[in-house]
Amino acid sequence: MKLTYIILIGYLISAVFIYGQTQLTIPDTLSGTNFNLTVKSGTVNFYPGFVTNTMGVNGNYLGPTLILRKGEHVQINVTNSLTDTTTIHWHGMHVAPENDGGPHTVILPGTTWQPQFTVMDNAATYWYHPHLHKKTNEHVTKGVSGFIIVRDSNEAKINLPRRYSVDDFPIVVQSRAFDANKQFLFKSELDSVILVNGTKNPYLQVPSQVVRLRLLNGSTERTYNFGLKGNKSFYQIAGDGGLLNVPILFTRLRLAPGERAEILVDFSSMQGQTTYLMSYASDLSNGIIGARQVGMGINGIPNYSNNKLNGADFNILRIDVIAPTVNPITTIPTSLTTNIPWNTASVNATRILTFTSTGGMMNVVGPFVINGVPFNMNTINYNVPLNNIEIWELRNQTLVAHPFHIHDVQFYLLDRNGSAVPSNEKGRKDVVLVLPLETVRFITKFENFSNSMVPYMYHCHLLTHEDDGMMGQFLVTNTTDVEIENPSLPNEFLLMQNYPNPFNPSTVIGYQLSIAGHVTLKVYDILGREVATLVNEYQTAGLHHSQFAIINSQLPSGVYLYRIQAGYFTETKKMIISK
Ligand code: C2O
Ligand code: CU
Ligand code: CU
């Protein structure tokens, strides 16, 4: 009896080792200048006997890795085969707002969006994911996202591993929650299952030489504190938006949702051995989601302490070291690039963004807001003049850490609570984790792209917080080609009504003008192209009550912006035509 018992235990343990692990999926690559991406629904068997409904790009879960070259002009055809509207955003890339894929640039089911842009970014690891207002979490959780690897001539000169899936591996880590039927749950506090590139319990074979891992935290809320088992050290060579000046030696590397890091690991002397990429979350400071504690008592996150990953050290990826390849990289470069941050002496504007919880100071669940207001699709929070160099000061007045992300630009951190930032945060970044009660300042420049209609976003990259309204938007405007918006409404002109929206068969925009002059209404499509102009002229002073009627039947279904202008008064609003 006793013997059977021991054998059974032994069998179960070996079953876990032999059958429990799956070779890590490495996404296919697409390269060139023309890309076809189809966002679709699919299914995956994450658990034997269960079919999980997923979404993916050109496949069932996640999407291909896009390999782009700096300086090349690319066209991307994004077809939406879902039954739901979506968008695709090129996270970290410097593109015009109409090509950025933010929440205004919706792709209706059955349609294709065709952004085109010149790749202006430095070699680094970027990613793409949906950005539909209030639905980013759902679409990303179900599986819509992929890597973008940008290559450039500076990086090409350095002796680095760059053979995709040979000595250079993309690694996206996503914690997920499943319900009893093994469907994804969007309540992310139950996220106790780790998927790496969509693989559960993965292992990866690496050659015994210097290997590059491109780490992306693609989770909804969870921060990881990456490390290799046994405190084996590694070098960080790049952050979100480019190479660091020099490789930096670490045994731990914290990455919040949205952040990327490229690391080099020297496996030269480890052939035949196994190690693990882990998260040492027991070292994360309280208030970071993934740490032992976030909030207290009734103010805590429900079920937080029941999630076995929180505050624990856990395996993410088993790494088996096999024979070296031909022409292996065996050395770590001594220098990489020269990052030159903008000078604070040339700053044109400083903006202060304060994060608070609408549930009060002790609340760690939110909804959280920036400067007291939740995101509103129809409100432009900032107008940034083209070519401005600005400091953004992020003041976190909550007890939870928020990874702040801004579109359009890469930034350089100036300080954290007035002190110097760690050396691996001195490169170009587009996400920064702002700790509880911390103030972080960055400097950036808004160059190359302006559009008086289509805004860029900034937001918390905890997707639940983003969807709940911890987001704002800004226009980059060029004063040489557009009028400056006058925020105060002149007495002579009053916008009375614009209703209903969406509306058929016509949208009515009423106003009142008490002076002579003309009122102009222009309608733009989401790419900023003017599709209609209407002008009403008044020869005499006196109270003119009038209205514009946009006959919707003349415009195809879609999202539009209309701009009404009378003297110095300008107002831009969104209009949806659906038939
Ligand atoms: Cu990765 Cu605005 O997002
Ligand atoms: Cu982004
Ligand atoms: Cu947040």
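**Exercise 1.** In this predicted model, find which residue forms a salt bridge with K445, and state how far apart the closest N and O atoms are.

*Solution.* K445 pairs with E447. Their closest N and O atoms lie 3.8 Å apart. The cut-off for a salt bridge is 4 Å, so the pair counts. Now check the accessibility of each partner. K445 has a relative accessible area of 23%, so K445 is partly exposed. E447 has 26%, so E447 is partly exposed too.

**Exercise 2.** Decide whether E425 and R416, which share a salt bridge, are buried or exposed.

*Solution.* Start with the contact: the N to O distance is 2.9 Å. Next, take the cut-off: buried means under 20% relative accessible area. E425 has 8% relative accessibility, so E425 is buried. R416 has 9%, so R416 is buried as well.

**Exercise 3.** Classify K522 and E530 by accessibility.

*Solution.* The side chains of these residues meet in a salt bridge, 3.5 Å from N to O. Partly exposed runs between 20% and 50%. K522 is at 25%, so K522 is partly exposed. E530 is at 42%, so E530 is partly exposed.

**Exercise 4.** Count the salt bridges in the model, and name the residues of a linked network.

*Solution.* The count is 23. The network links E155, R162, D168, R212, R214 and E262.

**Exercise 5.** Locate M361 and name its partners in a nonpolar surface patch.

*Solution.* M361 sits in the loop between β25 (349–357) and β26 (368–370). With 43% relative accessibility, M361 is partly exposed. Its patch partners are M296, M362 and L437. Together the four residues have about 400 Å² of accessible area.

Technical notes:
Residues numbered from 1 in each chain as written. Chains lettered and ligands numbered in written order. Predicted model: local features only at pLDDT ≥ 70, side-chain atom pairs only at ≥ 80, totals over all residues. Heavy atoms only, no water. Patch = residues over 30% accessible without salt bridge, like charges linked within 9 Å, V, L, I, M, F, W, Y side chains within 5 Å. Areas by Shrake-Rupley, 256 points an atom, 1.4 Å probe, with all protein chains shown as cover. Helix = DSSP H or I, 4+ residues; strand = E, 2+ residues; numbered from the N terminus. Buried < 20%, exposed > 50% of the residue type's maximum accessible area, 1.4 Å probe, protein only.
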